[in-house]
Amino acid sequence: MATNQLPDALLVRDYINGNENALAVLINRHQSKIYGFIYSKVLDRDVSDDIFQDTFIKVIKTLKSNSYNEEGKFLPWVMRIAHNLIIDTFRKDKKMPKYRDSDDFSIFSILMDNSPNIEGQIITEQVEADLLKLINELPDDQKDVLEMRIYQDLSFKEIADLTGVSINTALGRMRYAVLNLRRIIEKNQIVLTN
Amino acid sequence: MAKLYTKKKNETQKMLPKQETVDFILNYSKALRIVKTTNNENFEIVVN
């Protein structure tokens, strides 16, 4: 009898005995029913393919470990495995809903990555390094105030206490520091952009 | 004999899995060996 006409039970036995071709025949014979059943429940081609694949992986493992008993028929048994996997998929989806791209909806419309790209990061690092060089050109009293305010995040009251001057003096030094920085930048036509 | 008034359903296209899915299953089957230990435990070995 040609392999294609053998009953399922015989093909299963052949497969267990090492005939890999028997599995191909079984899949070919039942793929439409099994896949159609899965698709009718999940309504998604990709998910259906995944479940179809997982179903047969279970089938293969069960057959190869000799745990299969021919109580029922092959197809209803495979359908039951597929059915259980479909339920598992729905359970997973309920716990963690999936969003898929479609013509009307792009996942990236609600999911954005605002972190700078590599180019942006390099530019920022260069700008910061250039700025540090410029700050080093400032007179010491102005440089100290600016560093304490910007880099150490101290308040003007704290700066005033640390440097032993009044708050107004600290504010004035900060103002001159910024003005001087602008002057150096304009004078040397430095471009600091990000 | 009673007449059937319902229209015959259009032939729907057969739903089939992707060929690559079927290929994967067949290749997986060829690569998988299950070894039973003396403790009756199964060891799965996937040979490339």
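Q: Why does D88(A) count as partly exposed in this predicted model?
A: Its relative accessible area is 32%. Buried would require under 20% and exposed over 50%, so D88(A), at 32%, falls in between and counts as partly exposed. The structure is a predicted model, not an experimental one.

Q: Why does R91(A) count as exposed?
A: R91(A) has a relative accessibility of 55%. The cut-off for exposed is over 50%, and 55% passes it, so R91(A) counts as exposed.

Q: What makes R91(A) and D88(A) a salt bridge?
A: The N to O distance between their side chains is 3.8 Å. The rule asks for a side-chain nitrogen of Lys or Arg within 4 Å of a carboxyl oxygen of Asp or Glu. An Arg and an Asp at 3.8 Å meet that condition, therefore the pair is a salt bridge.

Q: Where do R91(A) and D88(A) lie?
A: Both are in helix α4 of chain A, three residues apart, which is about one turn of the helix.

Q: How do you know that E20(A) and K64(A) form a salt bridge?
A: Their closest N and O atoms are 3.0 Å apart. The limit is 4 Å, so this pair also qualifies. The pair links distant parts of the chain, with E20(A) in helix α2 and K64(A) in helix α3 of chain A, 44 residues apart.

Q: Is K64(A) buried or partly exposed, and what decides the matter?
A: Its relative accessibility is 21%. Buried means under 20%, and 21% is not under that value, so K64(A) counts as partly exposed.

Q: What makes K18(B) and D46(A) a salt bridge?
A: The side chains of K18(B) and D46(A) meet at 3.3 Å, N to O. That is within the 4 Å limit, so the rule accepts the pair.

Q: Why does the pair of K18(B) and D46(A) join two chains?
A: K18(B) lies in the segment before α1 of chain B, whereas D46(A) is in helix α3 of chain A, so the pair joins two chains. K18(B) is partly exposed at 38%, and D46(A) is partly exposed at 35%.

Q: How many salt bridges does the rule find?
A: A search of the whole structure gives seven over all chains. Across the interface of chain B and chain A the rule finds two.

Q: What else describes the interface of chain B and chain A?
A: The two chains bury about 1,900 Å² between them, 67% of it on carbon and sulfur atoms. On the chain B side, M15(B), I25(B) and S29(B) lose the most area to chain A, together 31% of what that side buries. In terms of contact, 19 residues of chain B touch 21 residues of chain A. Ten residue pairs are in polar contact across the interface. On the side of chain B that touches chain A, α1(B) gives the most, with eight residues.

Q: Why is D44(A) called buried?
A: D44(A) has a relative accessible area of 16%. The cut-off for buried is under 20%, so D44(A) meets it. D44(A) sits in the loop between α2 (20-42) and α3 (45-64) of chain A.

Q: What does the side chain of D44(A) reach?
A: The side chain of D44(A) reaches the backbone nitrogen of V47(A) at 3.1 Å. Leaving aside neighbours within four places in sequence, D44(A) is in contact with Y39(A) and R100(A).

Q: How many aromatic pairs does the rule count?
A: The count is five over all chains.

Q: Why is the pair of Y68(A) and W77(A) called tilted?
A: The ring centres are 4.4 Å apart and the planes stand at 45 degrees. Planes under 30 degrees apart would be stacked and those over 60 edge-to-face. An angle of 45 degrees is neither, so the pair is tilted.

Q: What makes F74(A) and W77(A) an aromatic pair?
A: Their rings are 6.0 Å apart, centre to centre. The limit is 6.5 Å, so they pair. With 55 degrees between the planes, this pair is tilted. Both residues lie in helix α4 (residues 74-95) of chain A, three residues apart.

Q: How do you know that F74(A) is buried?
A: F74(A) has 1% relative accessibility. This is under 20%, so F74(A) counts as buried. W77(A), with a relative accessible area of 14%, is buried by the rule as well.

Q: Which residues do ring pairs link into a cluster?
A: The cluster consists of Y35(A), F52(A) and F56(A).

Technical notes. Residues numbered from 1 in each chain as written. Chains lettered and ligands numbered in written order. Predicted model: local features only at pLDDT ≥ 70, side-chain atom pairs only at ≥ 80, totals over all residues. Heavy atoms only, no water. Contact = heavy atoms within 4.5 Å. Buried area = accessible area lost by both parts, 1.4 Å probe. Polar contact = N/O pair within 3.5 Å; in protein donor to acceptor, adjacent residues only side chain to side chain. Helix = DSSP H or I, 4+ residues; strand = E, 2+ residues; numbered from the N terminus. Buried < 20%, exposed > 50% of the residue type's maximum accessible area, 1.4 Å probe, protein only.
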